Amino acid sequence: MATELLTHAKTGVIQMGWPKLYEAVAFKENKDDDKSAKKDDKKKNESTPAYGFPVLLDKDDPDHMRTVRILQKLSKNAEANAIALKKWGKKDRIVSNDGLKDADEDEILDGDKTVLMTDKYPNRANHFYVNFSRSSKAGRPGIRYIDDEGILRELPEPILGTKEDIQAAQANLNDARAAYATADEDAREEAKTLVLEATRNLEEAQERDAKAKEVKVLWDKLVYPGQNVQASVTARAWKTQTGSGVSYRLDNLTIVGGGVRDGSFEYDEDFTDEDIEALIAWRDKHVNAKPSKAEDEAALLADTDFDEADSDDEVDEDTGEIAVKPRRKAAVSRRRPKPVEVEDDDVDEDEDEEEAPRHRPKKTSSRGRRKPAPVEVEDDDVDDEDYPDMF
């Protein structure tokens, strides 16, 4: 029996595409197709949730092309092994679908037609494209990272389902409290025990959720599209009723670090020291510029109309007393309305503290009483500037 050819190897340093590593994700069909499909067809076409990420390998990058040659070698070995083990016929190799795609030459489906990959994804021009994946049935790939001190550390396993655990624990506690509230004297002690147990379960669920959030923060810091990684993969030949091909299983992953998030820009490239200084100046002018108390008083005095005679008051330098001279009567700019006489019975002395509502005179006979003359106010007495628009 021929020796099985090597199908497992490490890549060079590559840049990870959008990852599915924190939680396995199942392939989702087009929404329109999913709506029209029958239930049996949906179940048949459901994919198993998987971990993984895509990779673009630049044809002009020597390190990337080294990885391309490694993958091509693994693919040929996997095909040869499949033929040697009689899992494939020689015809399968001819029509096989390789998971490593030359974006400038290989075609893919776009709806119901076949197009070049670059026609559908122009950003893949001058690149090879490959997807590293691993079925959730095989478990999450081993993932470690190199920290800032150069120490290799294991990335902690994600803690999933904590939100649902908290909701369930809270519901159990509510039920236990309700049972305690309605329990008779004989059952009250047991009901109290159930409340205490439910309380501990909720506290444990909350602690687990807090730990899960810490782990998620670390994952978000290290696992992102554009991160530098090195992967170990296994080329696997497969065959179904519709065809044959080679795919690349993700076995293990080392996060090198120092990558730039895909589609993002470095902060220092966008905001220079001059930008920050300008922003601080804007904030001081528009946000922090609050007038002082002295400025408020000065503004108040400037907007207040004083009688001209105020400036003639004399101040005794020894005593500090102000000798106020007789004031001239201020010019009246409007006619005084005639006072309206109101009977004493109509005034409520208990409403001094509040704004008094308008009083309606008591209904009496109109005989012998003269209606008060209406008060006329000239239009010229109202100055529009006294009521500026608020904005």
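These are my notebook entries on a predicted model of one protein.

**Entry 1: overall picture**

I started with the broad counts. The protein has 10 helices and 15 strands. Of its 391 residues, 24% are buried. I also looked up the surface: about 30,900 Å² is exposed, and carbon and sulfur atoms supply 49% of that area. Then I checked how far along the chain the contacts reach. Among contacts between residues at least 6 apart in sequence, 70% join residues at least 24 apart.

**Entry 2: how far to trust it**

Next came confidence. The mean pLDDT of the protein is 79, with 67% of the residues at 70 or more. Where is confidence lowest, and where is it highest? Helix α1, residues 31-36, has the lowest mean, at 42. Strand β1, residues 8-10, has the highest, at 97.

I then looked around that helix. Residues 29-38 stay under 50 in pLDDT, and the model gives this stretch 3 contacts beyond four places in sequence. Residues 40-45 are also below 50, and they have 3 contacts beyond near neighbours in sequence. A reminder to myself: where pLDDT is low, the predicted coordinates should not be read in detail.

**Entry 3: aromatic pairs**

I moved on to the rings, and the count comes to 3 aromatic pairs. One of them is Tyr22 with Trp219, an edge-to-face pair with 5.3 Å between the centres and 85 degrees between the planes. Why does this pair tie together distant parts of the chain? Tyr22 belongs to strand β3 (residues 20-25) and Trp219 to helix α7 (residues 188-222), so the pair bridges 197 residues of sequence. Are these two residues buried or exposed? Tyr22 is at 18% relative accessibility, so it counts as buried, the cut-off being under 20%. Trp219 is buried too, with a relative accessible area of 3%.

Another pair is Phe53 with Phe132, again edge-to-face, at 5.9 Å centre to centre and 80 degrees between the planes. Phe53 sits in strand β4 (residues 50-58) and Phe132 in strand β9 (residues 127-135), and they are 79 residues apart. Both Phe53 and Phe132 are buried. Which residue joins Phe53 and Phe132 in one aromatic cluster? I found that Tyr248 does.

**Entry 4: an arginine and two rings**

I looked at Arg124 next. Its charged end sits over the ring of Tyr129, 4.0 Å from the ring centre. Arg124 also lies over the face of Tyr121, at 3.8 Å from that ring's centre.

**Entry 5: following strand β13**

Here I traced the pairing partners of strand β13, which covers residues 243-255.

- Strand β5 (residues 97-98) runs parallel to β13, joined by 2 bridges. In this region Asp98 stands opposite Val246 of β13.
- Strand β9 is parallel to β13 as well, again with 2 bridges. Ser133 stands opposite Arg249 in β13.
- Strand β10 (residues 142-146) pairs with β13 in the parallel sense over 4 bridges. Tyr145 faces Ile255 in β13 as its opposite residue.
- Strand β12 (residues 228-240) pairs with β13 in the antiparallel sense over 12 bridges. Gln230 has Thr254 of β13 as its bridge partner.

How many residues does the hairpin from β12 to β13 pass through? I find 2 residues in that hairpin connection.

A cross-check with Entry 3: Phe132 lies in β9, and β9 is joined to β13 in parallel. Tyr248, which shares the cluster with Phe53 and Phe132, falls within the residue range of β13.

**Entry 6: His64 and its surroundings**

My last stop was His64, in helix α3 (residues 62-84). Is His64 buried or exposed? Its relative accessibility is 7%, so His64 counts as buried under the 20% cut-off. Which residues does His64 touch, leaving out those up to four places away in sequence? The list is Val13, Ile14, Gln15, Leu56, Leu57 and Asp58. I also looked up its C-alpha distance to Phe128: 9.1 Å in space, with their positions 64 residues apart in sequence.

Methods: Residues numbered from 1 in each chain as written. Predicted model: local features only at pLDDT ≥ 70, side-chain atom pairs only at ≥ 80, totals over all residues. Heavy atoms only, no water. pLDDT = per-residue confidence, 0-100. Contact = heavy atoms within 4.5 Å. Phe/Tyr/Trp six-rings, centres within 6.5 Å; stacked < 30°, edge-to-face > 60°. Buried < 20%, exposed > 50% of the residue type's maximum accessible area, 1.4 Å probe, protein only. Lys NZ or Arg CZ within 6 Å of the ring centre and 35° of its normal. Areas by Shrake-Rupley, 256 points an atom, 1.4 Å probe, with all protein chains shown as cover. Pairing = 2+ DSSP bridges.
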